[in-house]
Structure formats: structure tokens, C-alpha cells
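Take a moment to look at the model below. This report walks through its sheets and the helices that pack on them.

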Amino acid sequence: MAVHAPARPGHRRGPAAERPARRRWLRPVALATGLTLVGGCAGAYLYIRHLDANIQHAPLGAGNAPPPGGAADEHGRTAMNILIIGTDSRKDLGGAYGDRENVGQGNNDVNIVLHLYPDRRSAVALDLPRDTLIDLPACKDPQSGRTAPAVKHRPLNEAMGRGGPGCVQDTVQSVTHLKIDHFAVVNFQGVKDLTDAVDGVDVTLCRPIRDSDSHLDLPAGLSHLTGEQGLQFVRTRHAVQDGTAVGRFSMQRDFLSALLRKLTDRGTLLDPAKAFPVIEAATRSITVDDAIAGTTKLVGLASELKNIKPAEVAFAQPPVEYTQDDPDRELKQKDRLVQPAADQLFALVRADKSLTGGPDQAPDPAAGAGAGTGPAASAPAAPPTDPPAAPSTVAVNVVNGVGIPGLATSAQTALAGLGYPVTLGRNTAQPVAASTVRYGQADRKGAAEAVAKALGLPESAVAAEGGGRSVLVTLGADYRAGAPGAAAGPVPVPTAVPSDASVHTGDETACSGGARFGTFVR
């Protein structure tokens, strides 16, 4: 008779045959679970590799030094600027939209700077109309290696063809003095894909629109836009408002607001079945800068936007005027920025000021970090002990501390017009925020102050340094070039949005296409 050891207290031992059976059952479950986990990880890895392969990328910038970045807030956070470039390239569209040969980079027909405030809870989408006449900087094309020389008084949308998205970036920086941290380029096909990926967006028209150029045909009232109609909607301009690229921003603003509301809806990005098509379309349809050329990097960038609600996104456009008086016949249908209002709007954005009456995020100058560079930033310099010397006896050397082409030349022209002998020095190695005027010997202080005044710079910019007889001017991001022979200086941060600037918020649902440009004053 078999003898069994007594069972331990509290321990129940089942039949001997049950244990092997249970082990036999656990082994395949564990194996299947392990294989599922491994397969899932492998599948996720392969899918990310697939998404990474979709993404096209290009270098930041085209050879020009960027302006200084924004000042940090009390928590050490700074704003971020993302340039959204919409091109008119017909690539992969099979000639469906005319201009069959335009299958390369195309023109930068949409130029929107998305300014994310330091706390990442609000933003500004700043639109620069494509036909705005500006000075284009020299740009090095990363593909050909050729450098396009700087040209004056040309439409903004020529920048892409001179050096790719990096040239658009440098051009926008030269106009707004906002440092662009990243860019994303979207073509026609990308607009269609993104619209379809979110199952379309809803817009409301004030009146029917039938545009034979974009082929948009919609009734008044609410419409649900599919991918094709989404592209037609953002392209429409001849049949709405003033028929120009300036008025077209109202359509693009309403489309982007509707898209933003759809993306931030809980049912879209939190539902994998809905989120994956958006991610797929986004990676397949955009070109980004090298620093964010990867799925995980783009996801990280997207996380910067997760707390921004549509109501906290201000869509802004600087005031412009048309150029019917332009001596160049080809440029009579373009536009130019209205000054100083345009620079005042840019200054508000650079200073992290709210455009919609919300709390400002500009740092407190009393805190030290990020203090302003205007006359109020420091105590006024003592009055000169000697009268200024005659301009013809004062040698001035001007250095470009920002890298914006032509900046030092503009100061040279202004000073030369007043009788100063001026030479140009090498650009600084690093961007300079505040302009300085340095003198060496004490009897040159009056001359240095006179030079600063002629350039519109504050007395606080003047300081003693070195021992020479010449005056050294280093132009920083606060300097604004003026007309030849005229004083030019920093633009102070205004206290309010210019009255003729267009500002709307992303939660507005008023009808589109009903008002003409000029009535969008908030």
C-alpha cells in the first residue's frame, strides 16, 4: 500500500493527473501571449518605419542667420514658431487642376506662421498673403547648391522656387523678425488627403459660391466638405470677397478652424480607427524640416498642441493695400504691407501679447530675463560732455548682427546721406537681439549718440568700448531699416492690435465668403 506524506495545513493538493493537464494548458496560452506581444511590437515597429518612409524632409533655412528667438517667461518657457507652407504643386494629380507641368516644388501660395505661446495653451496663426511685395533675401538651394541673389520688390510666393522651403522660412523671418523653429509643406494632394482622413469638415456659406476656376459649387448654409471639396474651398478666391489672395484667407481660415475643431474633438484623435488615417495622411502629404523628420518626432511636436482649444487660436492677417500705382505693370495687381501697422502686429506676436483680449504671456521686464530693448529697458545715458563732431569727421563701421540681407546697407545709406563716411564690417557669428553703438575715446561719445539718434536707436544703445576714433554700430533684431537718408529705429510694442488688422478665433462659426476684406476688424 502506498504511503503518502501528510498534506501541509491549509494546502489542498488536487489529483496528480490534474497538474500536468493544467501545465499543458498554460504553456500554449503563455506562448500565444508572448507571440502576440512580440508580434505587436514588431508590427508597431514596422508601421512606424512605414510612416517614417512616407515623410519627406528638407533643411531649415537657406543660408541666412535667423533672428533671435523669443524671450523666456517666468518658468523658462519660450514660444515656438511653425511655418505652414501651402504649395500649388500639381504633383500626383494627373493634370486635374491645369498647369500640368507644375509638378515640382511649386510656389508658396500659403504662408502661415503658427506662433505657439510659451504655455502652449494658445496660439496665433499669422497669414502673409502670397502676392505681398517684399525684398527677397539671397537663398542657397540645398538640392542644386546654387545661390539665388537677393532681389527687391518681388511677390512673396516666388521664395519657394529660389531655394525650397528653407528660402520661404528665411523670407518670412526677414519680414516678421520671428524666428522660425520648424516648417511643414503641404501640397494640393495633402489638403485632399487630410480632409478625407477626418471624414470631412463642416463649413457654412453666407451665400452660394460657384467658382469656375476652383470648381467649387456650394449652396448657402451648412455644407460637409469631402477631400476634393476641401481643396476647392481653400483655393477659391475669384468668386469671394475681393477676388484676390488677400480675401482668400477668410476661406482658408474657416477651413482650418473647422479642421482644428474636428481634430480636437474627442471622437477623432482618441479613436484609433479615426486617428490612424489622419497620421497616415499627414506623413504621406507633408515635407518637414530635418529636425522633425520622424513619426515619433512629429508626435512629440503634436503633443505641444494638445492643450490648445479652437477658441484660443487667433487667426490674424496684417493690413495690406493694393499696388495699382506700381510702375511695374506686372505688379499692379499685387499688394504691400501697410506700415507701421504691419510691423506693430508682428511686434505684438514677437512679444507674446494676446491678440484677442486674453492674458498676455510676455515676460515681465522687471524679472530681468527677456527684458525689452527699447528706451524703457534701462536708465537713459548721461548727456554728452562734448558737442557732436561734424559727420564728415566721424568714421562709422556698420555690422549686421541679424543676418538679414541688406540690413547693414540700409543703415550705411541712411548715415551716408547725413554725411558720415561709412564702411561695412563682417556679419556677427551669432544673432544679436539689441543694437549697440560703441565709441572708443571720450570725445567721441557725442558723435556716437548722434549716430544712434540718426538710426532711431535709444541712448541706452551707446556705450564706451575699445580705444579707437571710429564708431562701431552693430545692428540687432530691434533695428528697422528706413528709407534712404531717413532715420529708422526699433518699433515699440504697441498696446493694442492695429485697428485695420484682421483677427478672428478658431471657434467662430459665422458664415464664410460674405464680407469683403477690410471688414474683418475685431
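How many bridges join strand 20 (residues 436-439) to strand 22 (residues 471-475), and do they run parallel or antiparallel? There are 4 bridges, and the two strands run antiparallel. Within this pair, Y439 stands opposite V471 of strand 22. Keep in mind that the model is predicted.

**The sheet of 5 strands**

Strands 20 and 22 belong to an open sheet of 5 strands. Its order is 19-18-22-20-21, and the pairing is mixed. Strand 19 (422-424) and strand 21 (462-464) are the edge strands, so each pairs on one side only. On average, neighbouring strands of this sheet are turned by 25° against each other, direction ignored.

Two helices lie across this sheet. Helix 10 (residues 407-416) lies across strand 18 (396-400), strand 19 and strand 22. Its direction is at about 170° to strand 19. Helix 11 (residues 445-454) lies across strand 18, strand 20, strand 21 and strand 22. Helix 11 runs at about 160° to strand 20.

**The sheet of 8 strands**

A second open sheet has 8 strands in the order 1-14-9-2-3-4-15-23, again with mixed pairing. Here the edge strands are strand 1 (56-58) and strand 23 (502-505). Neighbouring strands are turned by 20° on average, direction ignored.

Helix 2 (residues 160-176) packs on this sheet. It touches strand 1, strand 2, strand 3 (108-116), strand 4 (123-127) and strand 9. The direction of helix 2 makes about 135° with that of strand 2.

Three strand pairs of this sheet are set out here.

| Strand pair | Bridges | Direction | Facing residues |
|---|---|---|---|
| strand 2 (80-87) and strand 9 (182-186) | 5 bridges | parallel | L83 and F183 |
| strand 4 and strand 15 | 4 bridges | parallel | V124 and A314 |
| strand 15 and strand 23 | 4 bridges | antiparallel | A316 and V503 |

**A closer look at strand 15**

Is strand 15 (residues 313-317) buried or exposed? 5 of its 5 residues are buried, so strand 15 is largely enclosed by the rest of the structure. In a regular strand, side chains alternate between the two faces of the sheet. On one side of strand 15 are V313, F315 and Q317; on the other are A314 and A316. Both faces are covered.

**Helix 5**

Helix 5 (residues 245-264) allows a quick check of length. At 1.5 Å a residue, its 20 residues should span 28 Å. Its end C-alpha atoms are 28 Å apart, which agrees. Helix 5 is also mostly covered, with 14 of its 20 residues buried.

Methods
Residues numbered from 1 in each chain as written. Predicted model: local features only at pLDDT ≥ 70, side-chain atom pairs only at ≥ 80, totals over all residues. Heavy atoms only, no water. Pairing = 2+ DSSP bridges. Axes fitted to C-alpha atoms, helices over the stretch in contact; angles between N-to-C directions. Contact = heavy atoms within 4.5 Å. Expected span 1.5 Å × (residues − 1). Buried < 20%, exposed > 50% of the residue type's maximum accessible area, 1.4 Å probe, protein only.
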